[in-house]
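User: Please take a close look at one part of this model, the pairing of two neighbouring strands, and set that part in its surroundings. A connected explanation suited to a first-year student would be appreciated.

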Amino acid sequence: MVLAMLRGCRRLLHKSKTLYTYRIQHQETTISSCYYSVRHHCPTEELRDFGLPNTTWSQNLRNLYNKFMELSKTGGWTRIPSHNTIAHHLEGDPLETGIGKRMFLRNLDSDGLGFEYCMFYNKDERRMVCLFQPGPYLEGPPGYAHGGCIATIIDSTAGAGAVYTCGSVMTANLNITYHKPVPLGSTLFVESHVDKIQGRKVYSSCHIQSYDGVILHAEATALFIKANQ
Ligand SMILES: CCCCCCCCCC(=O)SCCNC(=O)CCNC(=O)[C@H](O)C(C)(C)COP(=O)(O)OP(=O)(O)OC[C@H]1O[C@@H](n2cnc3c(N)ncnc32)[C@H](O)[C@@H]1OP(=O)(O)O
């Protein structure tokens with residue numbers, strides 16, 4: 001009887017050890033393959049423009065994209081190419097050195113899961129428009145985008161607007177009022193404007209609306225500081 005119990009315990013211990021080992025091995029595989037994937041894709045990947053339509057884009061996103069492409073033909077608006085490292089955006093960027101870097105908004109290998117967006121710039125009006133579709137990995141409240149990712153797309157739109165207007169900048173201040181939750185998978189119209197430039201200080205405003213302009217989701221003001229020359 002005691003012997004049988006001991007054998008039972010040994011079997012249990014062996015089973016749990018096997019399971020534990022499997023979990024550890026599985027985790028290691030997952031972590032190292034993720035790490036590999038990030039490292040691997042950054043420096044060697046063929047330059048891809050992520051700001052072009054892909055199969056995950058909703059019809060609303062495509063319609064807005066087509067509208068701005070039409071506007072681009074008559075002047076005023078220019079589509080901004082969107083790559084996965086900052087080095088491909090800012091010429092001579094010192095951050096180009098080193099491997100494994102990836103822009104936060106472009107750090108997923110699959111389309112449609114995270115930040116799906118494209119931008120258009122109007123130089124005369126100092127305006128940047130970002131057409132944005134938040135994917136399922138950006139969930140905060142169930143079914144809605146996390147506030148931090150809303151801040152990210154605002155920072156990036158207003159930041160890119162400041163960069164295209166004045167050259168390299170850093171965000172010094174970002175103030176956001178969240179009016180209405182942003183449904184995942186919806187199409188958003190994000191628009192920023194450079195309001196004032198004072199020495200190295202660039203003051204911008206930004207808002208996020210639903211694709212049809214009916215819902216105002218968020219409003220923001222931002223201060224960017226131009227890089228020391
Ligand atoms: C196409 C692709 C484009 C992608 C765009 C992506 C956009 C994403 C942008 C980011 O996420 S940047 C990352 C987040 N930001 C940071 O990590 C910034 C951290 N802070 C800093 O590095 C420095 O504080 C900063 C560069 C902002 C300023 O430092 P500096 O030493 O260069 O400037 P300084 O402190 O001398 O201040 C210059 C002026 O700005 C003013 N200033 C600086 N910070 C301020 C602040 N926070 N609020 C108000 N004013 C500020 C400061 O008073 C002064 O005003 P005056 O010229 O009138 O004297």
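Analyst: Strand β6 (residues 201-210) and strand β7 run antiparallel and are joined by 9 bridges. Strands here are DSSP runs of E with at least two residues, helices are runs of H or I with at least four residues, and both are numbered from the N terminus; two strands count as paired if DSSP finds at least two bridges between them. In general, strands of a sheet pair through backbone hydrogen bonds, either parallel or antiparallel. The model is a predicted one, in which local features need pLDDT of at least 70 and side-chain atom pairs count only at pLDDT 80 or more, while totals for chains, interfaces and linings use all residues. Residues are numbered from 1 along each chain as its sequence is written.

One of the bridges can be followed at the level of residues: Lys201 has Ile225 as its bridge partner in β7. Ile225 also touches Val169, Met170, Ala172 and Arg200, besides Lys201, when residues up to four places away in sequence are not counted. Contact means that the C-beta atoms, placed from the backbone, lie within 7 Å. Ile225 counts as partly exposed because 16 C-beta neighbours lie inside 10 Å; 20 or more would make a residue buried, and 12 or fewer exposed.

The pair belongs to an open sheet of 7 strands, ordered β1-β2-β3-β5-β6-β7-β4 with antiparallel pairing. Because β1 (77-80) and β4 stand at the edges with a single partner strand each, one side of each has no neighbour in the sheet. From one strand to the next, the twist averages 20 degrees. Helix α2 (residues 59-73) packs on this sheet, touching β1, β2 (115-122), β3 (127-134) and β5 (188-198), and its direction makes about 125 degrees with that of β1. Helix α3 lies across β1, β2, β3, β4, β5, β6 and β7, and runs at about 135 degrees to β4. For these angles, axes are lines fitted to C-alpha atoms, for helices over the stretch in contact, and the values run from 0 to 180 degrees between N-to-C directions.

Strand β7 also takes part in the surroundings of the ligand: β7 (216-226), α3 (147-166) and β4 (169-178) each supply at least two residues of the shell. The largest share, 5 residues, comes from α3. In total 16 residues surround the ligand, and the closest are His89, Gly159, Ala160, Met170 and Ala172; a residue is near the ligand if its C-beta atom, placed from the backbone, lies within 6 Å of it.

Definitions and conventions
Contact = placed C-beta atoms within 7 Å.
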